[in-house]
Amino acid sequence: MGYSSDDERQIGEAFARLMSSCAKVCKNDYDRDLIERAFFLAKEAHEGVHRRSGEPYILHPLAVARIVVDEIGLGVKSVVAALLHDVVEDTDYTVEDIESRFGPKIALMVDGLTKMSGVFKTDASEQAENFRKVLLTLSDDVRVILVKIADRLHNMRTLGSMPPHKQMKITSETIYLFAPLAYRLGLYAIKSELEDLTLKYRFPEDYKQIEAKIRETEAGRTRFIEKFNAPIIEKLRENGIDFEISGRVKSVYSIWSKMQRKHVSFDEIYDIFAIRIVFKPSPLIPEKSQCWHIYSLVTDIYKPKPDRIRDWVNIPKANGYEALHSTVMGPDGIWAEVQIRSERMEEIAERGFAAHWKYKTGALSKEEGEFDRWMKQVREALNSPTEDAVEFLDNFKLSLYTSEIVVFTPKGDSRTLPQGATALDFAYDIHSKIGNSAMGAKINHKIESIFAPVGSGDQIEIITSKNVTPKPDWLEHVITTKAKQSIVNFLKKDKLNNIANGIELFEARLKDFGVTPSARVFRKVLPAYECATKDEFYSKLGAGIVKLDDLGKVLRENSANKILKFWTLQIPNPFRFLGGEGKKDRHVLPDDPTDPEAPQFVIAPCCNPIPGDEVVGYKNPETHKVDVHKKSCNELIKLAAQHGNNLTPVAWSSHKAMSYLTVMELRGIDRIGILMELSQVITGELNTNIRELHIQSHDGIFEGRISLYVKNKTDLKMIMEKVGKIKGVEKAIRVENTKE
């Protein structure tokens with residue numbers, strides 16, 4: 001079946017728009033001919049194929065090609081690769097066909113894109129393994145990933161036509177990998193749009209409310225910006241500076257994230273916009289000097305906040321971002337962020353490394369050097385002998401830093417590390433041998449623990465010893481990919497020995513009690529020592545992490561008590577399938593919990609969902625049970641990105657006799673009797689069982705957590721409202737993610 005007249009009209013208009021966009025990158029007729037040939041081949045290859053929305057499929061590669069040239073700033077070869085990116089995967093054309101028609105470079109890019117398209121269509125570790133293979137090819141040509149990001153952006157823009165379970169999978173992949181990757185490559189505008197679109201489909205109500213609030217407050221914000229900008233405009237003109245000034249609202253996602261992180265409403269967030277000054281640099285004065293000159297003119301008018309100056313002019317971010325940021329006290333006592341950058345810096349901020357190529361001179365610029373260093377780290381990670389592909393994907397995710405610091409070696413060489421890095425991260429950044437033997441550090445000439453956090457500007461020297469080797473707990477004190485991978489690789493070499501030692505130790509101790517290893521014994525032992533498998537238990541035991549001092553007590557424990565203690569992690573509650581058309585994959589809590597035919601579920605301990613929460617099920621391939629997560633759970637986002645096909649819809653049904661563990665965080669002004677009143681309100685008035693209560697007081701302020709059992713979200717809301725009315729309590733909120 002060919003194209004209809006309406007299809008031909010839409011395709012013709014889309015192609016005309018693309019050619020208009022490509023005018024700026026086509027140097028001659030050969031370039032234009034190359035794009036036209038790619039278009040006609042793709043059009044013929046996808047003939048008769050339509051997207052779920054009903055439009056001809058060829059409109060998708062045309063849209064991706066326009067994003068590539070207009071929004072990322074790539075050239076002719078990338079446009080051709082974008083037009084052909086689905087041809088090899090979806091049609092009879094081969095990579096060899098592409099090479100014979102368009103040359104080896106474009107064929108290599110199309111091959112990389114074809115491999116990457118298959119990454120998110122497979123299962124679990126195979127999916128992660130494919131991603132790893134793709135990174136091996138793209139580490140040689142970063143344009144592959146830039147075209148793939150354009151592909152993902154267009155898919156996100158048209159996500160409304162997909163069913164909800166597909167939306168969940170695609171948005172999870174996007175927020176877990178593609179948005180951080182876009183940031184790491186300097187594509188700020190695309191990163192923000194990917195985040196906003198993810199929020200729009202995962203939490204549509206939140207998205208609509210924030211969008212509406214931004215519209216409602218626009219008039220007042222515009223008045224403030226005009227008032228704020230007026231004296232700056234006058235001052236800059238007086239000094240003969242050619243500039244543009246604007247006020248930009250921060251993205252919906254960044255506002256939502258701050259609301260979630262700080263547990264505040266939209267009205268309590270004051271920094272929802274930033275003032276941006278983009279200047280045309282004078283050829284006689286260095287850009288850096290001009291940035292600082294404009295900064296001094298602005299701070300002559302408005303006083304700066306000393307701890308909120310961000311100098312990414314002298315030391316750019318690792319993704320190439322350059323600008324000078326400062327927060328100043330504006331009119332009416334309102335803090336405002338001012339961003340100062342040149343036209344070159346502005347283009348790099350919007351288009352990332354594609355813009356760097358445009359400004360490249362003979363040698364690599366400092367920023368491209370940073371990027372090369374990052375790609376070198378990616379190659380090292382790809383080539384390391386890790387067995388677990390999912391673990392690799394996690395580690396790669398960690399290399400997509402969202403915030404960096406710059407530290408110095410004893411000789412004064414600078415190193416870029418992520419915010420929150422420790423001296424041990426620095427040691428591994430220098431060399432894995434240094435990290436593996438690190439026993440201490442001198443930070444600014446003062447001896448500190450190897451686990452001490454480091455800050456921007458610190459000078460660090462690592463103290464090593466032949467007697468030191470990595471320990472499993474080191475993994476809790478590092479955040480960089482290289483450090484984690486080096487420690488894991490070292491520990492894996494010892495794992496088999498540890499397991500053998502663990503088996504020997506355990507069997508010897510059981511012999512002392514006259515007990516032989518059995519399934520019944522392990523049902524008691526594994527949860528008691530917080531281990532999921534026998535191998536994990538033996539390994540920890542052999543490595544000395546687990547001690548058997550209380551083994552006798554564990555073996556004597558009544559099974560029922562043990563289950564009660566670990567109920568959120570251990571008790572699988574059965575599901576049954578809903579009957580009826582279209583509902584075969586939807587699980588509900590059972591009316592009869594003893595039904596042996598029902599699938600089993602586990603309430604995920606990372607987010608502890610309760611009836612009333614929006615939940616999603618994850619079919620755990622290890623336990624063969626369904627783990628139930630809150631829709632907003634970070635762990636679920638990770639699982640959906642890595643094992644999207646294992647997701648299953650879940651709904652709450654009868655739960656009259658069930659109670660669910662949840663955690664509430666409290667803060668307020670301390671007074672005599674407040675603890676007793678808390679207990680009385682929760683257990684007395686509301687008849688709710690408290691599992692655990694931790695309160696600590698300092699300087700007249702108390703803070704704490706209460707773990708309690710509730711029947712549903714409505715009960716919890718009532719409890720929080722009651723507790724919030726107790727005199728002295730300033731904050732009573734639910735802890736959304738209890739996984740440390």
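These are my notebook entries on a predicted model, taken topic by topic.

**Entry 1: overall make-up.** I began with the whole protein, where I counted 30 helices and 21 strands. I then looked up burial, and found that buried residues make up 50% of the 740 residues. For the contacts with a separation of 6 or more, I noted that 66% are accounted for by residues 24 or more positions apart.

**Entry 2: the second largest pocket.** I turned next to the second largest pocket, which holds about 1300 Å³ of space and has a lining of 44 residues. Which residues lie nearest the centre of this pocket? I found Leu159, Met162, Lys166, Gln167 and Ile170 there. When I sorted the lining by class, I obtained 15 nonpolar, 13 polar and 16 charged residues.

I also asked which elements each supply at least two residues of the lining. The helices that do so are H5 (87-90), H9 (143-157), H10 (164-184) and H11 (188-202), and the strands are E15 (615-620) and E17 (647-651). The largest share comes from H10, with nine residues of the lining.

**Entry 3: helix H11.** Since H11 is among the elements that supply the pocket lining, I looked at this helix by itself. I checked its length against expectation: at 1.5 Å a residue, its 15 residues should span 21 Å, and because the end C-alpha atoms are 21 Å apart, the two values agree. Is H11 mostly covered or mostly open? I found it mostly covered, with eleven of its 15 residues buried. The buried set includes charged side chains, among them Lys191, Glu195, Asp196 and Arg202, and also Tyr188, Ile190, Leu194, Leu197, Thr198, Leu199 and Tyr201.

**Entry 4: cysteines.** I searched for disulfides and recorded that the structure holds zero. For Cys26, which is in no disulfide, the nearest cysteine sulfur is that of Cys22, 5.3 Å away; as a disulfide needs the two sulfur atoms within 2.5 Å, I could not count this pair. Cys26 has 10% relative accessibility and therefore counts as buried. I also looked up Cys531, which is buried, with a relative accessible area of 7%.

**Entry 5: positive phi outside glycine.** I noted two residues under this heading, and compared their surroundings. Glu530 is not a glycine, yet has a positive phi of about 55°, and I placed Glu530 in the loop between helix H23 (519-528) and helix H24 (534-543). Asn608, also not a glycine, has a positive phi of about 45°, and sits in the loop between strand E14 (600-603) and E15, the latter being a strand I had already listed for the pocket lining.

Are Glu530 and Asn608 buried or exposed? Glu530 counts as exposed because its relative accessibility is 63%, whereas Asn608, at 5% relative accessibility, counts as buried.

**Entry 6: the loop at Asn687.** My last look-up was Asn687, which lies in the loop between helix H29 (674-685) and strand E19 (690-698). With a relative accessible area of 69%, Asn687 is exposed; the cut-off I applied for this word is over 50%. I then took the distance from Asn687 to Val710: these residues are 23 apart in sequence, and their C-alpha atoms are 9.8 Å apart in space.

Key
Residues are numbered from 1 along each chain as its sequence is written. This is a predicted model: local features need pLDDT of at least 70, side-chain atom pairs count only at pLDDT 80 or more; totals for chains, interfaces and linings use all residues. Side-chain values use heavy atoms; hydrogens and water are left out. On a 1 Å grid over the protein atoms alone, a cavity is a set of points where a 1.4 Å probe fits but cannot get out, and a pocket is an open set with protein on both sides within 12 Å along at least five of seven lines; lining residues have an atom within 4 Å of a point. Grid points are joined across faces, edges and corners, and a volume is the space filled by probe spheres set on the points. Helices (H or I, at least four residues) and strands (E, at least two) are DSSP runs, numbered from the N terminus. The expected span of a helix is 1.5 Å times one less than its number of residues. Buried means under 20% relative accessible area, exposed over 50%, partly exposed in between (1.4 Å probe, protein chains only). Contact means heavy atoms within 4.5 Å.
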